[in-house]
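Student: I am new to this structure. Please take one part, look at it closely, and then connect that part to the rest.

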Amino acid sequence: MTRRRTPLTALASVMALAGTLALGGCSAGEEKPELTVSGAFMPQPVGDMAGGFLTVTNDGGEADKLTSVTSPLSDDVQIHETKDQKMRQVTSFDIPAGGALKLERGGNHIMFMDIKRKPKQGDKVTVELRFEKSEPITVELPVEAATHNPAHH
């Protein structure tokens, strides 16, 4: 009887090892960014430029970067950081694992240069957010009053 159990025991060991390796592969796959976007809006533009604001939350186990934004509203959409009350264009923004990137008034933001039309309050502006690791995300920015600031509501 001992000889008949050995192949079964060996088979059970191989199956257990295969299951462990498969599960190990699954957990390694979960270490990727998991991005969602919330709080998106654009204040109604008053000139030929416009700002865009939103939050990108990363519930994944790996960091990512916002590398660019495109929109039919402008052929020149930039991402800007604000430091010492000065804006400057940057090439990317970090989105930490388990954290968020907040683009907000008075801080980092999306800048639409030479807009093709002036959207009015109630309109929506489509943007595509592009990332270093994640697939692009298309977002509709509702156009709000020029003075809209959700931080004060």
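**His-109 and its surroundings**

Tutor: Not counting residues up to four places away in sequence, His-109 touches Gly-52, Phe-53, Gln-78, Ile-79, His-80, Thr-82, Met-87, Phe-93, Leu-103 and Glu-104; a contact here means heavy atoms within 4.5 Å. The model is a predicted one, in which local features need pLDDT of at least 70, side-chain atom pairs count only at pLDDT 80 or more, and totals for chains, interfaces and linings use all residues. Residues are numbered from 1 along each chain as its sequence is written, and side-chain values use heavy atoms, with hydrogens and water left out.

His-109 belongs to strand 8, which covers residues 109-113. Helices (H or I, at least four residues) and strands (E, at least two) are DSSP runs, numbered from the N terminus. With a relative accessible area of 5%, His-109 is buried; the word buried means under 20%, exposed means over 50%, and partly exposed is in between (1.4 Å probe, protein chains only). A polar atom of the His-109 side chain lies 2.8 Å from the backbone oxygen of Gly-107. Such a polar contact is a pair of N or O atoms within 3.5 Å; within protein, one must be able to donate a hydrogen and the other to accept it, and residues adjacent in sequence count only if both atoms are side-chain atoms.

Phe-93, one of the residues that His-109 touches, is also touched by Leu-101. Leu-101 sits in strand 7, residues 100-103, and is buried at a relative accessible area of 5%. Its other contacts, again leaving out residues up to four places away in sequence, are Leu-54, Thr-55, Val-56, Leu-66, Asp-94 and Ile-95. Leu-101 and Leu-54 are 47 residues apart in sequence, and their C-alpha atoms are 8.4 Å apart in space.

Leu-66, a contact of Leu-101, brings us to the nonpolar core. Such a core is a set of buried Ala, Val, Leu, Ile, Met, Phe, Trp, Tyr and Cys residues joined through side-chain atoms within 4.5 Å. The largest one has 26 residues, of which Leu-66, Phe-112, Leu-129 and Leu-141 touch the most other members. Strand 9, residues 124-131, gives the most to this core, with 4 residues. Leu-141 touches Gly-52 and Phe-53, and further contacts beyond four places in sequence include Leu-54, Phe-112, Val-125 and Val-127. Gly-52 and Phe-53 are also on the contact list of His-109.

Asp-94, another contact of Leu-101, forms a salt bridge with Lys-65, with the closest N and O atoms 2.6 Å apart. This pair links distant parts of the chain, from Asp-94 in strand 6 (residues 93-95) to Lys-65 in strand 3, 29 residues apart. A salt bridge is a side-chain nitrogen of Lys or Arg within 4 Å of a carboxyl oxygen of Asp or Glu. Asp-94 counts as exposed at 52% relative accessibility, whereas Lys-65 counts as partly exposed at 26%. Glu-81 and Arg-88 form another salt bridge, with a closest N and O distance of 2.6 Å. Glu-81 counts as buried at 11% relative accessibility, and Arg-88 as partly exposed at 49%. The structure holds 5 salt bridges.

Next comes the loop between strand 4 (76-83) and strand 5 (86-90), where Asp-84 is found. Asp-84 is not a glycine, yet has a positive phi of about 50 degrees. Gln-85 is in that loop between strand 4 and strand 5 too, and its phi, also positive in a residue other than glycine, is near 60 degrees. Asp-84 is exposed, with a relative accessible area of 74%, and Gln-85 is exposed at 79%.

As for the whole chain, its secondary structure comes to 1 helix and 10 strands, with the helix ahead of the strands from the N terminus on. Buried residues make up 33% of its 153 residues. Of the contacts between residues at least 6 apart in sequence, 69% join residues at least 24 apart.

Last, the confidence: pLDDT is the predictor's confidence in each residue, from 0 to 100. The chain has a mean pLDDT of 86, and 78% of its residues reach 70 or more. Over residues 11-28 the pLDDT is below 50, and this stretch has 0 contacts in the model beyond near neighbours in sequence. Where pLDDT is low, the predicted coordinates should not be read in detail.
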